[in-house]
Every structure is written in C-alpha cells, then in structure tokens.
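Visitor: Could you take me through one part of this model up close, please? I would like to see how two helices meet and what lies beside them.

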Amino acid sequence: MLDQGIGARVLRKEDDRHLHGRGQFVGDLAMKGLKEVAFRRSSLAHGRIRAVTKPAGTDSVIITADDLKNVNPIFADSSIPGFKASNYPALATGKVRFVGECLAACIADSRAEAEDLAESVEVDIEELPAVIDSLKARAPDAPLIHDDWADNLFLTTSVQGDIDSLVKTAPIKVTRELRTGRQCMHPMEGKGVLAYWDFQADQLVVYTSTQVPHMIRTGLSETLGLEQRKIRVIPPDVGGGFGYKCVLQPEEIVIAWLAMTTKRPHRWIEDRREHLTAGANSREHHYQITAYADEKGRLLGLDAEITVSVGAYSVWPFTACLEAAQAGGNLPGPYDFQVYRCKTFSVATNKPPFTPYRGVARPGVCFAIELMMDAIAREVGRDPMDVRAENLVKSTQMPYNNVTGKHYDSGDYPASLKQVAGLIDAPGIRARQKAPEADGRLIGVGFSTFTEQSAHGTKVFASWGIPVVPGYEQATVRLTPDGGLEIRAGIHTIGQGLETTLSQVAVHELGIDYDQVRVTLGDTASTPYSTGAYASRGMVMAGGAVSRASQELARRIRRIAAHLLQCKDEDIRFEGREIRAGGASLSFADIGRAWYLRPEQLPEDVNTMGMEVTEGYKPQVDTGVFTYASHAAVVAVDPETGIVEILDYAAVDDCGRMVNPMIVEGQVLGGTVQGVGTALFEESPYDQSGQPLASTLQDYTLPGASDLPWIKLGHIETLSPYSAHGIKGVGEGGAIAPPGAIVNAINDALKARGVEITQIPATPERILSAILAAESQQKGAAS
Ligand code: MCN
Ligand code: SMO
C-alpha cells in the first residue's frame with residue numbers, strides 16, 4: 001500500500017485549509033459578547049508586592065490576585081527526594097519573581113481598551129535584589145527567590161562514576177567551560193486562549209492553542225476546582241508549539257476562571273513582546289567538563305557539572321527539573337565509554353520559568369559533548385571526524401546500554417557520520433583549506449552526532465519524578481455508514497502533520513482510500529485521553545494506537561465481508577482499496593451499508609460487535625526508541641567582522657520507518673533552522689536587575705532565509721524492534737545538532753588563530769572579541 005500508506009509522500013491533509021488562509025486559530029474565533037483581556041505584568045524581576053490597586057469604578061473589569069482566592073496555584077511536584085516545589089500563582093501573590101509575571105487581568109471590548117485599563121492599575125512593589133546569574137544563585141548567601149527555601153536550588157542530582165582512577169591513569173585530559181544562551185521559542189502563532197460557558201452542555205469550554213489538550217483539562221480542573229466532566233478543552237489550529245504549549249499557563253487559568261465565574265466569553269492572545277519578555281524560556285546551560293581519553297582520542301570518561309538557570313517557578317506537569325534531568329542523562333550522547341560522573345543543578349533565577357523546547361536540554365548537551373570531542377581531537381592532533389567515528393557506538397553493539405542506562409535500540413551511528421561527510425564533501429573542504437581564500441575569510445568544517453530518546457513511556461517519566469505523565473496514547477477508528485473512516489485521537493497536530501500521517505497508518509492497515517479518511521484531534525469531548533504531542537512521541541504512540549485500532553476494525557470488517565461473500569474470515573484480503581475474496585469484491589461502502597442499514601442481513605453476533613474501536617498503545621519497552629542523526633556544517637568566518645556564513649549544511653537522520661518521508665524532511669529542515677538560530681543568533685539576555693534586554697525581534701534575532709544554505713538531507717531507515725512498524729520519532733531532532741556542528745566548524749576555521757568559541761549563540765561580537773583577545777595575548781607573549 002505504498003502509494004498512500006506508510007512510506008508514501010502524500011500531500012498533507014492540513015495544507016488545503018492553511019494554504020487558502022482558512023485555518024482557524026484562537027485569534028480567528030468570533031463570538032457574540034466576546035471580551036478581550038490584557039494583563040498588567042510586573043516590571044520588576046524580584047520584589048515584595050505592597051499593593052495592586054484598581055482605579056475607582058473598575059472592580060468588575062480588573063481582576064487581581066485577591067479576586068482569584070479560590071484558584072489553586074500551578075503546582076508541579078516531583079517524587080525525587082530533595083526536590084523543592086514552587087507555588088506558581090496565576091496572578092502573583094506576595095512577591096513577583098520575574099519581569100512579566102501577571103499581576104492583574106483587565107477586561108474590555110477590545111484589546112486596545114484592555115491595554116489602557118492595564119496601564120491604569122497602580123502597582124506598588126518593594127524591589128529586592130534580583131538573582132540572575134545561575135552560578136552566583138547557587139551560592140549559600142544569594143538572595144532567596146522562594147523565602148521558605150534554604151537556597152535557590154530546585155534540585156541537585158549526581159551520578160557517581162569512578163573518575164578518580166582516570167585522573168591518575170588517562171593520558172589525555174581536556175577541560176572546558178561551555179555556555180548556551182537563554183532562548184524563547186517563537187512559534188509563528190503565540191499562545192492564545194478563549195473560554196466561554198456552554199449552557200446546553202453545562203460546561204466550561206476552553207479553546208486553547210496547546211499541544212496537550214487533555215492534560216490542560218486535568219490541570220484546569222485541579223487549579224479551578226471544577227470537575228473534569230464540566231470542562232471541555234478544544235485545541236483549534238495551532239501555529240506551532242515547539243514545547244512552549246505543552247504546559248498549563250497562568251493566562252489559561254485566568255481566562256478559564258473569567259468564563260466560569262462570569263459565564264461570558266473571554267480571550268487573551270499573546271503578543272510578540274509578551275512572548276519575548278514574559279513567555280517561558282529554555283536552554284540557558286553552563287557546563288564545566290573534563291574529558292579523559294587515550295593517546296588516540298578514545299574517550300575513557302567524562303566528569304561534568306551542569307547548571308541550568310530554570311527561572312522562578314516549576315511549570316505543570318514537567319517541573320523545573322526536566323531540563324537538567326535530560327542534560328545529565330543525555331550528555332554522554334552517542335558515544336561508547338564507561339565512566340561518567342555528573343552533577344546537575346536546577347537553579348531558580350528571577351526569569352520566566354522553563355518549558356521544554358524542541359530537543360529539550362539536548363541542543364545544549366550535544367553542543368557540549370561535540371565541542372569536547374573536537375577539543376580531544378585537537379589535543380591528540382587528529383581529524384575530529386576520525387576521532388568521532390571511532391568513539392561512536394557501533395551497529396554491532398546494538399542494542400546498547402550506555403553509561404547512564406539508556407537503551408539504544410537500533411541503528412548505525414558511524415554510517416550516518418560517513419554519509420553526512422560525503423554530502424558536504426569533507427575531503428574537498430580539507431583540500432580547500434590548504435590555500436587561503438581570496439576574500440580573506442577562513443573556512444572550517446564541523447560535525448555533530450546525537451541520539452534522541454523518543455516515545456519513552458510511563459516508567460521513564462516516573463524516574464524523572466513526573467508520574468503525572470502517562471506514557472501511552474489512544475485512538476478511535478470508526479467506519480461510517482457510507483464506507484468512510486474517521487480517526488479520533490486526543491493528541492494534537494501543531495504543524496507536524498499528524499492528520500496526514502495517522503491517516504497513512506490507517507490506510508496501511510485497512511487498504512482504504514486516503515481521501516476517505518478524516519482525522520479529528522484533541523477535542524476532549526470527542527477524543528480519548530492522551531498525553532499529548534511532545535517528546536517526539538506522536539508518530540510512534542498515536543500511530544501505534546491507530547494501527548492497533550485499525551487492525552481490530554479490520555478483523556470486524558473481515559467478519560462482515562466473510563458473511564456477505566460466504567467465505568471464511570481468513571480468506572478476506574484488503575486489496576486495491578476494496579475487500580476481496582477469490583474473484584469477488586466489496587467496497588467499504590458495502591460493508592458500512594450492510595452493518596448500519598441492513599443489519600437484518602447479518603448474524604446477531606456481527607450486529608452487536610460495533611464499527612467503532614478504541615485502542616491504547618505503547619511500545620514494547622518504556623525506555624523509548626532512539627532516533628539519531630549526524631549533521632555537518634561548512635562555514636566561512638570573516639576574521640575582520642566575526643560574521644559567519646554557512647556555506648554548506650547536511651543532515652542524515654534515522655527515524656526508523658518514515659511514515660511520510662516528505663513530512664520527515666520538513667521536520668528535519670524546520671528543526672535544523674531552529675538549531676541554526678540556537679547556534680548563531682538567538683539569545684534572550686537579562687541585565688543584572690533582571691530586565692529582559694531583547695523585547696522585540698530586532699534585539700532577538702531569528703534566522704532568516706538569507707542566513708541559510710540549501711540544506712542537504714540523507715536518511716538511514718533502521719526499524720526499531722520495539723515499536724509498531726519500526727517507527728521512531730523525529731520531531732525534535734533537527735534542532736539538536738546544529739550548534740555542535742556549526743561551532744565546531746567555526747573553531748576549525750579559527751584553529752590557526754588559536755581561537756576557540758565556547759559559548760552560543762556564536763554572534764559576530766563574541767567571535768570578534770575572541771579573535772581580538774587571542775591576538776592581544778599572542779602580542780603580549782611575543783613582546
Ligand atoms: N513522522 C513520520 N515518520 C516517522 C516519524 C515522524 O512521518 N518515522 C512525522 C509525523 O507526521 C509526526 C512528525 O513527523 O507527527 C513528527 O514526529 P514525532 O517525532 O512523532 O513528533 P510529534 O508528532 O510528537 O510532534 C511533536 C514534536 C516536538 S516534541 C516538537 S518540539 C516539534 C516537532 O514535533 N514542534 C513542532 N515538530 C514541529 N513541527 C512543527 N511544524 N511545529 C511544531 O511546533
Ligand atoms: S519540546 Mo517538544 O514539545 O518535546
């Protein structure tokens with residue numbers, strides 16, 4: 001069934017409406033009597049609230065924390081010993097802990113009027129010293145963000161390996177301090193939520209731009225104290241999520257509360273400035289790493305300390321510790337070595353909270369381990385590609401349990417490196433480097449390889465202390481009376497194409513025509529409970545559920561067809577979009593008609609079996625299926641300006657069976673471009689008082705088309721032994737590898753100048769300062 005089923009490059013079902021401008025996002029919804037909401041936010045990073053005062057006569061249109069008395073704060077707990085939970089109120093109470101924290105919700109007929117109201121609120125806050133630098137925040141005498149904590153540490157973890165023996169014996173020792181910038185996620189559509197009361201259903205209806213509608217219903221129920229059956233969450237079209245939309249947000253709670261208490265429709269739409277200054281962040285890591293190796297560069301052990309500046313509060317359900325847990329667990333990457341010591345610190349700072357962002361922690365750890373790999377290669381005087389290839393886990397070692405207990409299920413990591421090196425013609429670049437470039441620029445080539453745990457299950461989330469996240473997915477399939485197929489799943493599509501690929505799975509199982517399949521996702525009133533679309537799990541998990549449900553529906557269709565064709569169930573074949581036995585055939589419409597409209601023609605046990613099937617699914621193991629990829633970058637660095645041009649870029653991934661190779665390519669391309677942003681452009685800096693310094697897209701630079709070369713793609717298709725059809729996830733991977741590959745290429749270019757970049761984004765300013773510092777050091781040494 002390759003023409004439309006698994007493996008086919010069918011056009012996306014969702015594109016027709018999007019390309020015609022007919023998508024329905026929260027901002028597109030119209031409703032009689034709809035009120036628009038703007039938030040008055042804290043302009044200080046840390047302070048004690050003395051008063052938030054409404055002007056006279058605005059009692060019913062300005063809502064402060066005092067009005068929200070019966071609303072519970074966002075509270076994400078963890079079962080990990082030593083974890084400190086935070087109460088994250090929907091509207092700040094007692095203290096403000098980051099610039100942008102919500103203080104009051106202001107309601108009017110238009111957003112502009114609501115913003116004027118927000119300006120009119122009088123806010124009196126006693127400013128406290130801000131905690132901004134994550135290393136300083138670890139110190140025992142740092143000002144406390146949560147007054148009832150003994151320090152600013154959400155959690156400290158450690159893995160003890162026998163590093164001490166390596167300190168004495170390892171021939172090569174390389175130490176580096178590395179940093180990654182704080183980032184915002186920038187989905188094209190920001191966050192948005194609209195809520196109203198449906199009197200007929202006696203339900204609060206919440207339209208929200210989310211990746212996790214069923215989780216949001218659970219979260220709203222807990223914070224509002226309203227039973228889940230009284231809440232319906234509907235995710236309309238979602239213009240990108242990237243992790244930003246997989247947690248319960250304060251504004252979601254306030255808008256839902258307003259609709260619940262006033263019984264009138266209310267909406268809030270995040271604007272770009274709010275996204276940049278108040279929306280959740282990610283990625284700000286600090287690494288102190290020592291790698292031990294033999295004389296050829298074979299890695300023997302790693303000793304790491306990872307500090308993550310996770311912001312002021314834990315988000316629900318993931319907690320503020322997800323990033324560091326992922327960082328500590330994933331730093332060893334795709335490499336084969338046995339000794340690992342790692343300490344992680346999840347540090348509270350006066351900045352917006354952390355949510356997962358495409359790749360979660362792994363863009364940071366991949367950058368860190370890949371820079372270490374190149375540093376080792378330089379130390380032993382070998383080509384980084386050779387050292388990398390020798391250290392990668394080999395296909396003959398699969399399945400492979402790595403030093404942190406991760407179970408790599410399948411694949412050929414060195415083959416991906418070899419293929420990607422071919423795509424950018426690595427030997428050609430090495431030859432080109434022998435002569436100077438006519439324009440004076442310096443050429444460099446860099447690589448990075450990563451593994452990505454995708455579709456991990458309940459036990460893994462529980463081991464991170466997040467038991468609230470169920471690691472399964474469900475789907476319903478229904479044959480309609482006229483022979484169409486309806487798929488309903490609680491997961492959502494956020495741009496990644498699940499309407500299309502879930503249809504392809506059903507087509508594969510049933511042989512039904514692709515155009516006859518319709519997919520409904522996310523609406524809690526009509527879809528089964530779901531964990532949601534994150535952690536690169538959608539295809540494996542929801543795809544698996546559609547597969548199982550379709551197989552059961554196929555069994556039932558076989559029974560009907562066998563009766564109609566007077567043959568045995570096992571003689572029935574799904575072929576050519578029909579149901580066949582011997583020379584006879586039936587259409588799906590024949591089956592639908594027979595079961596729904598001519599039941600008297602069927603035996604009673606067939607009558608009662610149902611044409612609607614819901615099945616749950618999880619892979620055979622909870623440890624996840626591991627996607628991997630190698631990326632390669634060729635750059636030109638201008639030593640006069642520090643400006644980097646990416647001359648060539650390639651990525652070779654392995655996500656098992658590709659359900660739709662065209663979508664997979666889109667995923668890798670989109671992720672790679674975000675990774676280029678992480679590597680070269682994007683940063684959300686804060687000054688010492690906690691003021692965000694990037695509040696417009698002029699200060700926060702996103703990569704544009706002119707910053708990118710034509711990105712070359714290659715694939716390896718190693719089926720996972722553990723998932724339906726051997727599928728592995730791919731949604732996040734593209735974003736993980738670029739910082740490592742690009743900065744390694746920059747360092748390769750600058751090698752002769754004695755310059756090594758250790759911080760991203762590698763902006764022209766940082767590169768130029770490093771070049772100038774190296775020059776003055778060399779001059780100092782010479783004089
Ligand atoms: N797919 C496929 N064959 C495979 C694997 C995946 O055809 N073997 C396709 C499927 O259509 C699937 C998509 O690729 O939906 C991404 O695969 P998967 O790894 O299963 O990821 P999810 O469906 O769970 O989507 C979430 C994932 C994550 S975690 C982030 S972050 C991310 C991403 O997807 N955010 C995105 N890709 C995004 N793409 C867009 N356009 N917008 C986002 O916000
Ligand atoms: S960051 Mo993706 O939503 O796991």
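**Where two helices cross**

Guide: Helices α5 and α6 cross in a right-handed way (the near helix is turned clockwise from the far one by less than a right angle; anticlockwise would be left-handed). This is a predicted model, in which local features need pLDDT of at least 70 and side-chain atom pairs pLDDT 80 or more, while totals for chains, interfaces and linings use all residues. Residues are numbered from 1 along each chain as written, chains are lettered from A and ligands numbered from 1 in written order, and side-chain values use heavy atoms, without hydrogens or water.

Helix α5 spans residues 213–224, and its axis comes within 10 Å of that of α6, crossing at roughly 65° (axes are fitted to C-alpha atoms, over the stretch in contact for helices, with angles of 0 to 180 degrees between N-to-C directions). The two helices are therefore roughly perpendicular, a label for 65 to 115 degrees.

From α5, Ile-216, Leu-220, Thr-223 and Leu-224 touch Glu-252, Ile-253, Ala-256, Trp-257 and Met-260 of α6 (contact means heavy atoms within 4.5 Å). By class, this contact has 7 nonpolar, 1 polar and 1 charged residues.

Now look at the sheet: 7 strands form an open sheet with mixed pairing (a pair needs at least two DSSP bridges; helices are DSSP runs of H or I, at least four residues, and strands runs of E, at least two, numbered from the N terminus). Strands β1 and β7 run antiparallel, joined by 6 bridges. Helix α6 (residues 250–262) packs on this sheet, touching strands including β11 and making about 20° with its direction.

Key
Angles under 35 degrees count as roughly parallel, over 145 as roughly antiparallel, 65 to 115 as roughly perpendicular and the rest as oblique. Ala, Val, Leu, Ile, Met, Phe, Trp, Tyr, Cys and Pro count as nonpolar, Asp, Glu, Lys and Arg as charged, and the others, Gly among them, as polar.
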